[in-house]
Amino acid sequence: MYILYRKVSDYDGPSLFLGLFDAQDQAERQRLQYRLVLEKQDPWQSQSYREVDLGNDLVIMPIEGECADRQKVYLISCYSEGFGQIIREFQRVCGDRAQAEAIAKKLEDDDESSFPNWALIDEVTVNQFVVPDYNKWRDGSYDGE
């Protein structure tokens, strides 16, 4: 599976989840479409301490997980906060909610950092583009999807 996300300044908030896809070419098509739509009016064109480059900020990454033939899956993301920054790392995809919760708890328990760290689980639909809520991102209430 492949995740499509948008990098943003860690000072402004976590990376934006844009979708989870079965194949890399599906993710690439969505990446291109998103880029074409936002090239002229990008709501994230101004970020703290960071030069925005839409081409480089849209990332496709393989992600580990077992969820064969499922439409709804659970995406585990780890967050860390320190010095005014929030960092999001996409960890794994699970087909079962209970399994995702167990993995998220283990990730939190195993973390030895002195900064606040937590894991969140988002239920996502495979092969569906997600439009992040710009207003939540700007007011600080965006927590993932």
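Tutor: Start with exposure. A residue is buried under 20% relative accessible area, exposed over 50%, and partly exposed in between; the probe is 1.4 Å and protein chains only are considered. This is a predicted model, where local features need pLDDT of at least 70, side-chain atom pairs count only at pLDDT 80 or more, and totals for chains, interfaces and linings use all residues. Residues are numbered from 1 along each chain as its sequence is written, and side-chain values use heavy atoms, with hydrogens and water left out.

Student: Why is Phe83 called buried or exposed?

Tutor: Its relative accessible area is 69%. The cut-off for exposed is over 50%. Therefore Phe83 is exposed.

Student: Where does Phe83 sit, in terms of strands?

Tutor: Phe83 lies in the loop between strand 5 and strand 6. Strands are DSSP runs of E with at least two residues, helices are runs of H or I with at least four residues, and both are numbered from the N terminus.

Student: What makes the phi of Phe83 worth a look?

Tutor: Phe83 is not a glycine, yet its phi is positive, about 55°. Most residues other than glycine have a negative phi. The hairpin of strand 5 and strand 6 has two residues between the strands, and Phe83 takes its positive phi there.

Student: Which other residue has a positive phi without being a glycine?

Tutor: Asn127, with phi near 65°. Asn127 is in the loop between strand 7 and helix 4 (134-139).

Student: Why is Asn127 called partly exposed?

Tutor: Asn127 has 32% relative accessibility. That value falls between the cut-offs for buried and exposed, so Asn127 counts as partly exposed.

Student: How do you know that strand 5 and strand 6 pair?

Tutor: Two strands pair if DSSP finds at least two bridges between them. Nine bridges join strand 5 (residues 72-82) to strand 6, and the two run antiparallel. One example is Leu75, whose bridge partner in strand 6 is Val93.

Student: What makes strand 4 and strand 6 a pair?

Tutor: Strand 4 (residues 65-66) and strand 6 (residues 85-94) share two bridges, in the parallel sense. The rule asks for at least two, so they pair. Gly65 has Val93 as its bridge partner in strand 6. Glu66 stands opposite Cys94 there.

Student: What is the order of the strands in the open sheet, and why is its pairing called parallel, antiparallel or mixed?

Tutor: The open sheet has four strands, in the order 4-6-5-7, and its pairing is mixed. Strand 4 and strand 7 (117-125) are the edges, as each pairs on one side only. In general, strands of a sheet pair through backbone hydrogen bonds, either parallel or antiparallel.

Student: Which strands does strand 1 pair with?

Tutor: Strand 1 pairs with strand 2 over five antiparallel bridges. Strand 1 also pairs with strand 3 (residues 58-62), antiparallel and over five bridges. Arg6 has Leu16 as its bridge partner in strand 2. Tyr2 stands opposite Pro62 in strand 3.

Student: What makes strand 1 mostly covered?

Tutor: Four of the five residues of strand 1 are buried.

Student: Why is Ser15 called buried or exposed?

Tutor: Ser15 has 9% relative accessibility. That is under 20%, so Ser15 counts as buried. Ser15 sits in the loop between strand 1 (2-6) and strand 2 (16-21). Ser15 and Tyr5 are 10 residues apart along the chain, and their C-alpha atoms are separated by 6.7 Å.

Student: Why does Ser9 count as buried?

Tutor: Ser9 has 3% relative accessibility, which is under 20%, so Ser9 is buried too. Ser9 also lies in the loop between strand 1 and strand 2.

Student: Which residues does Ser9 touch?

Tutor: Contact means heavy atoms within 4.5 Å. Leaving aside residues up to four places away in sequence, Ser9 touches Gln47, Ser48 and Arg50.

Student: How many helices and strands does the chain have?

Tutor: Four helices and seven strands. From the N terminus, they run β-β-α-α-β-β-β-β-α-β-α.

Student: Why is the chain called as compact as a globular protein of its length?

Tutor: The radius of gyration is taken over C-alpha atoms, and the globule rule is 2.2 Å times the number of residues to the power 0.38. For 145 residues the rule gives 15 Å, and the radius of the chain is 15 Å, so the description fits. Of the 145 residues, 39% count as buried.
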